[in-house]
Amino acid sequence: MSTLPVYRWRLAPDGLATRRQLRAQGLRPGGQDVAAQLERPRRRRGPLVAYLYRVDLAVPVRPMTPARRAALEKANRARRTCPSCRRDAGYVIPAALGCCVPCAYPSPHEGPEGSTP
């Protein structure tokens, strides 16, 4: 097993890109192995690491099909639906709360349906 070449932040050679950079170009790694590693030093912790892929071996992103779009919309709708009140919160329910903010922190001045007495 050979070790990966490691480059410092902003010093990677042309022809290598991160997943995000590939995606911005409409590409994806396409099953290729990681070509190199990028490290960004930090003061009090270990370096941030990003993997680099060869741009010449990248393949185009698969197009969004109607079935994939429908599945994605269904999954996002489920993430926005509060399990307590079953309403669409309009935002992704935080995992730390487990329900929408009004259900997690009910106002003491509101009645059971959210109306003031």
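1. Let's start with the second largest pocket of this predicted model. Its lining is made up of W9, R10, L11, A12, P13, L16, T18, Q21, L38, A50 and L52. By type, those lining residues split into 8 nonpolar, 2 polar and 1 charged. The space inside the second largest pocket comes to about 160 Å³.

2. Two of those lining residues, L38 and A50, also turn up in the sheet, where L38 stands opposite A50 in β5. L38 has a bridge partner in another strand too: Y7 is paired with L38 of β4. So when you look at L38, keep both the pocket and the strand pairing in view.

3. Now the sheet as a whole. It is open, has 4 strands and runs in the order β1-β4-β5-β2, with mixed pairing. Which strands stand at the edges? They are β1 and β2 (16–17), and because each has a single partner strand, one side of each has no neighbour in the sheet.

4. The mixed pairing is easy to follow strand by strand. Strand β1 (residues 6–8) pairs with β4 (residues 36–40) in the parallel sense, over 3 bridges. On the other hand, β4 and β5 (residues 48–54) run antiparallel and are joined by 5 bridges. Besides the L38 and A50 match, R40 stands opposite L48 of β5.

5. R40 is worth a second look for its side chain. Its charged end sits over the ring of W9, 4.9 Å from the ring centre. W9 is also one of the residues lining the second largest pocket. If you were hoping for aromatic pairs, the search of the whole structure comes back with 0.

6. Next to W9 in the list of pocket-lining residues is R10, which has a backbone angle to check. Its phi is near 65 degrees, a positive value in a residue other than glycine. Where is R10 placed? You'll find R10 in the loop between β1 and β2. Is R10 buried or exposed? R10 is exposed, at a relative accessible area of 71%.

7. There is a positive phi at R86 as well, about 60 degrees, and R86 is not a glycine either. This arginine belongs to the loop between α2 (66–80) and α3 (101–104). R86 is exposed too, with a relative accessible area of 60%.

Note on methods. Residues are numbered from 1 along each chain as its sequence is written. This is a predicted model: local features need pLDDT of at least 70, side-chain atom pairs count only at pLDDT 80 or more; totals for chains, interfaces and linings use all residues. Side-chain values use heavy atoms; hydrogens and water are left out. Two strands pair if DSSP finds at least two bridges between them. Helices (H or I, at least four residues) and strands (E, at least two) are DSSP runs, numbered from the N terminus. On a 1 Å grid over the protein atoms alone, a cavity is a set of points where a 1.4 Å probe fits but cannot get out, and a pocket is an open set with protein on both sides within 12 Å along at least five of seven lines; lining residues have an atom within 4 Å of a point. Grid points are joined across faces, edges and corners, and a volume is the space filled by probe spheres set on the points. Ala, Val, Leu, Ile, Met, Phe, Trp, Tyr, Cys and Pro count as nonpolar, Asp, Glu, Lys and Arg as charged, and the others, Gly among them, as polar. Rings of Phe, Tyr and Trp (its six-membered ring) pair if their centres lie within 6.5 Å; planes under 30 degrees apart count as stacked, over 60 as edge-to-face and the rest as tilted. A charge sits over a ring if NZ of Lys or CZ of Arg is within 6 Å of the ring centre and within 35 degrees of the ring normal. Buried means under 20% relative accessible area, exposed over 50%, partly exposed in between (1.4 Å probe, protein chains only).
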